[in-house]
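The two exercises below are meant to be worked through with the coordinates open. Try each task before reading its solution.

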Amino acid sequence: MLLVLNGPNLNRLGLREPQVYGSLTLEDLERQCEAWGAELSESVTCRQSNFEGQLLEWIHEAQEQGFTGIVINPGALTHYSYALRDAIAGQPLPVVEVHISNVDAREEFRHRSVTAAVCHGKISGLGFLGYRLAMEYLTEQVPVT
Ligand code: DQA
């Protein structure tokens, strides 16, 4: 049972910088993740928020809500949110960080992730497919009890 979280501005997929993020929408991404979940025999819940605190609360509650792993694209919070980092570090579920664009090929400030070090791993630059690969990895993980 996987939780897929998208952070600030990802509700603007399809509208924002299509040359960087493509023309598909958040809804397309979420439907795709649900379809991949079905292929992997995993139930998937997708949530998006532009509010840091909302993301923190979803992470805090994830284990008690029965999730077994979290895929997160924290958007720009990746680059500076120690609160998000602490929320990930402070809970036991495996977390994989995903970026649609190749953050290392972009502006300098995007090269730093303050969250990746407390995740099991980071996938960047593979478009929506990164979410699928993260889901596959988490499906292989033994649930934390
Ligand atoms: C992003 C990369 C971030 O640098 C940016 O702030 C985003 C999206 C990505 O998916 O490529 O909002 O996380």
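**Exercise 1.** In this predicted model, identify the buried residues of helix H2 and work out how they are arranged about its axis.

*Solution.* Begin with burial, taken as under 20% relative accessible area: in H2 the residues that meet this criterion are Leu-26, Leu-29, Glu-30, Cys-33, Trp-36 and Gly-37. Next, look down the axis of H2, where these buried residues fall within an arc of 120°, so they line one face of the helix. Then turn to the other side of H2, on which Glu-27, Ala-38 and Glu-39 are exposed. Finally, check the length of the helix: H2 comprises 14 residues, 26-39, and at 1.5 Å a residue it should span 20 Å, which agrees with the 20 Å that separates its end C-alpha atoms.

**Exercise 2.** Describe the shell of residues around the ligand, and determine which side chains place a polar atom by a ligand oxygen and how much of the ligand the protein covers.

*Solution.* First list the surroundings of the ligand, which consist of Arg-16, Tyr-21, Asn-73, Gly-75, Ala-76, His-79, His-99, Ile-100, Ser-101, Val-103 and Arg-110. Sorting this shell by class gives four nonpolar, five polar and two charged residues. Now examine the polar distances, applying a cut-off of 3.5 Å between N or O atoms: a polar side-chain atom of Ser-101 lies 2.6 Å from an oxygen atom of the ligand, the corresponding distance for His-79 is 2.7 Å, and an N or O atom in the side chain of Arg-110 is 2.8 Å from a ligand oxygen. As a last step, consider coverage: of the 320 Å² of accessible area that the ligand has on its own, the protein covers 99%.

Note on methods: Residues numbered from 1 in each chain as written. Predicted model: local features only at pLDDT ≥ 70, side-chain atom pairs only at ≥ 80, totals over all residues. Heavy atoms only, no water. Near = heavy atom within 4 Å. Polar contact = N/O pair within 3.5 Å; in protein donor to acceptor, adjacent residues only side chain to side chain. Areas by Shrake-Rupley, 256 points an atom, 1.4 Å probe, with all protein chains shown as cover. Nonpolar A, V, L, I, M, F, W, Y, C, P; charged D, E, K, R; others polar. Helix = DSSP H or I, 4+ residues; strand = E, 2+ residues; numbered from the N terminus. Expected span 1.5 Å × (residues − 1). Buried < 20%, exposed > 50% of the residue type's maximum accessible area, 1.4 Å probe, protein only. Arc of directions from axis to C-beta.
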